[in-house]
Every structure is written in structure tokens, then in C-alpha cells.
Amino acid sequence: MVNAVKTPGKVKLLFTLLIGAGLVWLTFSLGQWQTGRAQEKQTLLDAQARALAAEPVSPASARLDLDNLSYRKIELRGRFEAKALIYIDNRQINGRPAVQVVQGFRPEGASFLIPVDRGLLLRNPAEPRLAPNMPAEAMREGEMFNLQGTILPRFAQSAELRGIALGDAENIVMAQSNGFEVWSNFSVNEFEKRTGEPVSNFVVTQQPVSQTAGQQAQAEKVDGFYHLAVPLQEQVAKHKGYAFQWFTMSAVLVLLTLFFVYREFFRSEFYKGNKR
């Protein structure tokens, strides 16, 4: 009879311990995962910082080893193609509506184009849906330019660094405005199809890329385009914060499990023993 009374209590104790241990394991594992993500982001940030500080490269190929060359400075001589030009919509310069300019650049002697983020242009406040004209100094067709910028593995990264989510790059919206093609976002495949020429597997941004993510400076005008400092969003602190929250929750669950076990089982057994 005594064993029959104690058995349900033991089952309840075991069930409580299993639930508590499972929750502790889950939250601790999530904390470890966030710690690992922080280490991955730190490794990536360190690699990007080394790339930004390295000597410029002058690649002659449309296909680069982006694991090693992303965020390297680039120097090339060539021509901007007037017809390989699109505008990316929904941008702002100091709160004013703007478009981002992407233009194909042909390196000297090459048979491929490199999409280049040249900067931003303000829209006309009186006609905000009208695409702005290109600066005169930027449209001298056939003239040789010395391209200087930073290699990006794909265009989306340039936008993500500014906190702009592009979504599905293949699902773009295109419209004609003032003789220019305005896109909602960028697709290398679509750009290649429109230009009818091979396109590189990387994009070059002429806007400054820096490791420091401090307060964003005002836009500066360079060769008719507005340039904004693009900080690398390292996100290491965010993942460390998430890890701290999960580890804290894990510790709290340990204490709560011990508290409930003590209150429901050991304390009641202690009181029963004293009554006897």
C-alpha cells in the first residue's frame, strides 16, 4: 500500500525533471548556436576588414574567386556603356526621393560587362516619378574611365548594407521613365539578358565602404552622383546579445526546476517525516 502511494509521486518527479532538463537543453543549445553565429560573423567581418585594407586588384576575368576577393578594392580602365544603364527605385538622399544608378562597365580589351553602382541621383520633387537625367560628365560615350571601387559578391549585399531588403531579385518590376529603365531591384540574369552580353559574377560599388558603422555622414557629390558612406553591418553584438538571453533563460529554468522539485517533493516529504 505504501509503494502504491509513493509510485505516482516518483513518476511526477521524473516527469518534472525530464521537462525541466529538456527546456534547459533547448535554451542552452540555442545559446550555443547564437555564440557560433557570432563567431562566424566576427570571422567574416575580420576577412572583410582585411580585404578593404589590401592593395587594389585589376582582374581581367568576368569570374572571380569571391571567397577571397569580395570587398577588395578594384582599379580598371575601360568604358561605361550608355545603353547598359538602369535605375533602382525607392532610394533616398537625406530624406529626398532618389534612384540608385547601375551601369555596365567594359574593361579595356574585354568582352564582358561589370555592373557598377555609380551612386544616387535625386528625383525632381515636382515630378517624383520621373527618372532624373544622368550627369553630363558621366555620359560621355566612348571615353575611357579609370574605374575605382569595391568588389561586391552580388548587388543585394550593397543594398543590405544600407538596411534595404530587396526581396526576390528575380521578381523585379520595370518601367520606362524619361528615356531610362527604372527597376524595383536588380537581377544579374535580367541585366545580362537586356544588354545581350556576358556579365561578371561580381558588382563594383563606387560608393565608399568602411568597416566602421558609426553615425552616417551626409551624402557627398562625386562626378555628379551622390555617395553615401556604406558601413559594414557586423551584427556580432546582436548574436552575442541573443546568446546571453538564451543562456540566462537556461540558468533560470535550472533554478525553477530545482525550486519546483524541492517544493513539490522534498519539502512535502520533509513535512511528512516530521509529522510522524
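Contact here means heavy atoms within 4.5 Å. By that rule, His 239 touches Gln 34, Arg 37, Ala 38 and Lys 41, leaving aside residues up to four places away in sequence. The model is predicted, and the values below are computed from it.

**Overall make-up**

The protein chain has five helices and eleven strands. Of its 276 residues, 40% are buried. The chain exposes about 16100 Å². Carbon and sulfur atoms supply 56% of that area. Take the contacts between residues at least 6 apart in sequence: 66% of them join residues at least 24 apart.

**His 239 and its partners**

His 239 belongs to helix 5, which spans residues 236-275. Is His 239 buried or exposed? Its relative accessibility is 7%, so His 239 counts as buried; the cut-off for buried is under 20%. Gln 34, one of the residues His 239 touches, is 205 residues away in sequence. In space, the two C-alpha atoms are 5.4 Å apart.

**Strand 4 and its neighbours**

Strand 4 covers residues 145-152. Six of its eight residues are buried, so the strand is mostly covered. Which strands pair with strand 4? One is strand 1, residues 73-93. The two run in the antiparallel sense and share six bridges. Here Ile 74 stands opposite Gly 149 of strand 4. Another is strand 7, residues 203-205. This pairing is also antiparallel, over three bridges. Thr 150 stands opposite Thr 205 of strand 7. In a regular strand, side chains alternate between the two faces of the sheet.

**Nonpolar cores**

The largest nonpolar core holds 18 residues. Which of them touch the most other members? They are Phe 105, Ile 114, Val 116, Leu 147, Ile 151, Phe 202 and Val 204. Four elements give two or more residues each: helix 2 (66-69), strand 1, strand 3 (114-122) and strand 4. A second, separate core has eleven residues. Leu 85, Leu 121, Met 134 and Val 182 are among them.

Phe 105 deserves a closer look. Leaving out residues up to four places away in sequence, its contacts include Leu 76, Phe 80, Phe 112, Ile 114, Val 116, Phe 145 and Leu 147. Polar and charged names also appear in the list, including Arg 77 and Arg 79. Gly 78 and Leu 113 are touched as well.

**A nonpolar patch on the surface**

Five residues form a nonpolar patch on the surface: Phe 15, Ile 19, Leu 23, Trp 25 and Leu 26. Together they have about 550 Å² of accessible area. Phe 15 sits in helix 1, residues 2-53. With a relative accessible area of 54%, Phe 15 is exposed; the cut-off for exposed is over 50%.

**Salt bridges**

Side chains of opposite charge can pair when their charged atoms come close. The count in this model comes to seven salt bridges. Three are listed here.

| Salt bridge | Closest N to O | Location |
|---|---|---|
| Glu 81 and Arg 106 | 3.1 Å | strand 1 and strand 2 |
| Glu 190 and Lys 193 | 3.6 Å | helix 4 |
| Arg 194 and Glu 190 | 3.3 Å | helix 4 |

The pair of Glu 81 and Arg 106 links distant parts of the chain. Glu 81 is in strand 1, and Arg 106 is in strand 2, residues 96-107. They are 25 residues apart. Glu 81 has 22% relative accessibility and so counts as partly exposed.

The other two pairs share Glu 190. Why are Glu 190 and Lys 193 separated by about one helical turn? Because they are three residues apart in helix 4, residues 188-195. Arg 194 and Glu 190 are four residues apart in helix 4, again about one turn.

How covered is each of these residues? Glu 190 is buried, with a relative accessible area of 15%. Lys 193 is exposed, at 59%. Arg 194 is partly exposed, at 45%. Which residues make up the network of salt bridges? Glu 181, Glu 190, Lys 193 and Arg 194 are linked in it.

Terms used
Residues are numbered from 1 along each chain as its sequence is written. This is a predicted model: local features need pLDDT of at least 70, side-chain atom pairs count only at pLDDT 80 or more; totals for chains, interfaces and linings use all residues. Side-chain values use heavy atoms; hydrogens and water are left out. Buried means under 20% relative accessible area, exposed over 50%, partly exposed in between (1.4 Å probe, protein chains only). Two strands pair if DSSP finds at least two bridges between them. Accessible areas come from the Shrake-Rupley method with a 1.4 Å probe; for residues, only the protein chains shown count as cover. A nonpolar core is a set of buried Ala, Val, Leu, Ile, Met, Phe, Trp, Tyr and Cys residues joined through side-chain atoms within 4.5 Å. Patches are made of residues with over 30% relative accessible area and no salt bridge: like charges are joined within 9 Å, nonpolar side chains (Val, Leu, Ile, Met, Phe, Trp, Tyr) within 5 Å. A salt bridge is a side-chain nitrogen of Lys or Arg within 4 Å of a carboxyl oxygen of Asp or Glu.
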